[in-house]
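Me: I'd like to go through the ligand site and then the cysteines. Here is the model.

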Amino acid sequence: MKKNLLFAANWKMHKNPKETREFLAQLLERLPDFKRHQVVIFPPAACLEAASQVLSQSEIRWGCQNCYSKNSGAFTGETSAQVVKDLGGQFVLVGHSERRTLFAETDAHVAEKAKNAQELGLIPMICIGENLQQREGGHTQNILRAQLEAALAPLSPAQPFVIAYEPVWAIGTGKVATVEQVQQAHHWVRQLLVKLNPEKGLDIPILYGGSVKPDNAKSLSALPEVFGFLIGGAALELDSFLAICGDSI
Ligand code: PGA
């Protein structure tokens, strides 16, 4: 496999600072020499400092699951991307489907958050994906286009960002998309990226997310347009996270 792969762990609202330290210390011990591949951990906001302490001298990168579009001010309960950067974080997850559906995040919010993160020098990992109704109604391609166009509109094409395609119906359900569905969606996303950004569109990593497990990682990572995974449930256990990484490379 010649591609550079990115393995991102989205812990959602799981683990406390002690568990974060223990997991990451073991990960550092057990992760094989990954050479050109990358690992990015998204712990809950309250565990970012713990992650920062354990990972500061390592190759493993980390980020926040959500940051507000302003860096300080009267925004009770929000997390500042500036603080994430000050702590040594490098990524911000933006527009995860749980943020969009449970916290009413719109395409416009996603775009503002991604832009702010990018302006600070952080790498936005922008999540897009259709829900079951949209897929069954034949609207997947249009939904992906609308989400992507909105998120990319304010971004600088010269600064890095990552796209994570996560069909909503496959997240946390155990119902992984078939290789054909993933291949088709990633192909559409790639075409759109090239259209929106002719110079860099071919280089932007597109990850797949949604019930990635050790038993499906190999077949999905073999797809030409899959450049890694955004992993939820299976990234909470070190053995399954390492198995996914190991099987994919
Ligand atoms: P899952 O979650 O791997 O548990 O389906 C993926 C995600 O929400 O990013």
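Me: Which backbone atom of G232 lies by an oxygen atom of the ligand?
Reply: A backbone N or O atom of G232 is 2.9 Å from a ligand oxygen atom, which falls under polar contact (a pair of N or O atoms within 3.5 Å; within protein, one must be able to donate a hydrogen and the other to accept it, and residues adjacent in sequence count only if both atoms are side-chain atoms). This is a predicted model, where local features need pLDDT of at least 70, side-chain atom pairs count only at pLDDT 80 or more, and totals for chains, interfaces and linings use all residues. Residues are numbered from 1 along each chain as its sequence is written, and side-chain values use heavy atoms, without hydrogens and water.

Me: How much of the ligand's accessible area does the protein cover?
Reply: The protein covers 97% of the 280 Å² that the ligand has on its own (Shrake-Rupley method, 1.4 Å probe; for residues, only the protein chains shown count as cover).

Me: What about H96 and S211?
Reply: H96 has a polar side-chain atom 2.7 Å from a ligand oxygen atom. S211 has a polar backbone atom 2.7 Å from an oxygen atom of the ligand.

Me: Switching to cysteines. How many disulfides are there?
Reply: Zero in the whole structure, taking a disulfide as a pair of cysteine sulfur atoms within 2.5 Å.

Me: Why no bond for C64?
Reply: Because its closest cysteine sulfur, in C67, is 3.9 Å away, too far for a bond.

Me: And C127, buried or exposed?
Reply: Buried, at 1% relative accessibility (buried is under 20% relative accessible area, exposed over 50%, partly exposed in between; 1.4 Å probe, protein chains only).
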